[in-house]
Amino acid sequence: CSSKGGAKTRSSWVWFTFTAVCCLHTGAALHSDFVSGSDGWDVGGADGDKIDLMQAPMMLLGSDDGEWQWWFDAPSAFRGDLSALHGGSLTYRIGMLEHEGSFIGGDEWDVQLTSSKHAITLESRAVVTPRAFVNEIKINLAEDGGWIVEGTSGAPSRQTFQRLLSSVSALRIRGGYYTGKERTFLSAVRLLPGGAAPSTPSSSAKGGSTDDTWARAVDITTLPGVTDSVSGTTGSLGITQHQLIYVHKESGKLSTVLLQDIEGVEEGSGGELVIAAKGGRELLRAGKLSSYEVLDVARLFELAKRRSDEAKRPS
C-alpha cells in the first residue's frame, strides 16, 4: 500500500497529503487511526512551511498562525473505485484545541469529493460547529446525504453520485476554520460501506462530547493543549489556554466550556461541582465535589479565572 505525497495548491488554500493507510476497495471499511504515528501525513501547499503538523495520541494536529484555509487531503487508499461504498458513510472526528479570531463559515465547504475523470466535485457544508472542542461527523455517501454539486446549490442525482464514486480522485477534509491562530486535530477517519457500524457515533453530534472508547483511551493529561488538571473518583478536569474540559470516569463522556464564559464555581444541591456562567446559569456539572482534593480544584480554577480575565481583556 503506497501513495505519492507532495505539495498541492489551490490559489492560497493549503491542505495535507497523507499516505499508507488501507488499500481495500472491495466494500471493506477504509480507515486511519494515527495510533502509532502520523501514517505518513505531510503538509503541502504554498504556505506549507508555515503550518506545523504533529502526531499526538490517536490524532493528528495541524497548527497555523493566520487566516489560512487548509484541508486534510486523502491518500490513494481513499481514492479510486469506491462504488461499493455507495449508501455507506464518511465518519471522522475533528476539533480545535486552540483558536483565535473569527470562525470562517458561510459558503465554505467542510468536505469535498472529486472525480477528475468525470469532472464532478461534490461538497458537504456546515458540518462543524463554531467554537466546539470536538465534532463527531457522519456524512452519508449517497445523493440524499446533504451533498451539493460544486458551484451550484443543487443536490447530485443518484447517477452522478455513482459516477463520482466509480473514480474518486480526491477526498478533502477541511482543517482551517479561524482567521487567527488555531490548532486543529483530526482522528478516526472512516469510509464505511452501507450497514457497517461506525466507530464514531451514528449521528453527526456536533460539539462537546466524544464516544466512550476514545475518551477512555486518552488520559486527560495527554490531551494536546491541556496544561493543568485534577482528578477525582468520578472524573477529571483539565484546562487549555481557552477551555475547561471534563471527562466523566464511568461513561467516558467528554464535555467542554470556554473559560471566558465561566463566572463562578459552586457546590450543587446534590454535592456536585457546578461551573456557572454570569447570573448563575449552569454550564457544566463536573462530578462530586467531595471526590476531588478541594485545594487542587481551587488552584485549577484560580488559573482558569486568570486566563478567562486575559481572554476578556481588550487587545
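This briefing covers one antiparallel sheet and the aromatic pairs of a predicted model. Local features need pLDDT of at least 70, side-chain atom pairs count only at pLDDT 80 or more, and totals for chains, interfaces and linings use all residues. Residues are numbered from 1 along each chain as its sequence is written, and side-chain values use heavy atoms, with hydrogens and water left out.

**Sheet**

- Three strands form an open sheet in the order S18-S19-S20, with antiparallel pairing; strands are DSSP runs (E, at least two residues), numbered from the N terminus, and two of them pair if DSSP finds at least two bridges between them.
- S18 (264-267) and S20 (282-288) are the edge strands, each pairing on one side only.
- Neighbouring strands are turned by 25° against each other on average, direction ignored; axes are lines fitted to C-alpha atoms.
- S18 is joined to S19 (residues 272-276) by 4 bridges.
- Glu-267 stands opposite Leu-273 in S19.

**Aromatic pairs**

- The whole structure holds 5 aromatic pairs (ring centres within 6.5 Å; planes under 30 degrees apart are stacked, over 60 edge-to-face, the rest tilted).
- Trp-70 and Phe-72 pair edge-to-face, at 5.4 Å centre to centre and 75° between the planes.
- Both Trp-70 and Phe-72 are buried (under 20% relative accessible area; exposed is over 50%, partly exposed in between; 1.4 Å probe, protein chains only).
- Phe-103 and Tyr-177 are stacked, at 5.5 Å and 20°.
- That pair links distant parts of the chain, 74 residues apart: Phe-103 lies in the S7-S8 loop, Tyr-177 in the S12-S13 loop.
- Phe-103 is partly exposed at 27%, whereas Tyr-177 is buried at 0%.
- Ring pairs link Phe-103, Tyr-177 and Tyr-178 into a cluster.

Technical notes. Axes are lines fitted to C-alpha atoms, for helices over the stretch in contact, and angles run from 0 to 180 degrees between N-to-C directions. Rings of Phe, Tyr and Trp (its six-membered ring) pair if their centres lie within 6.5 Å; planes under 30 degrees apart count as stacked, over 60 as edge-to-face and the rest as tilted.
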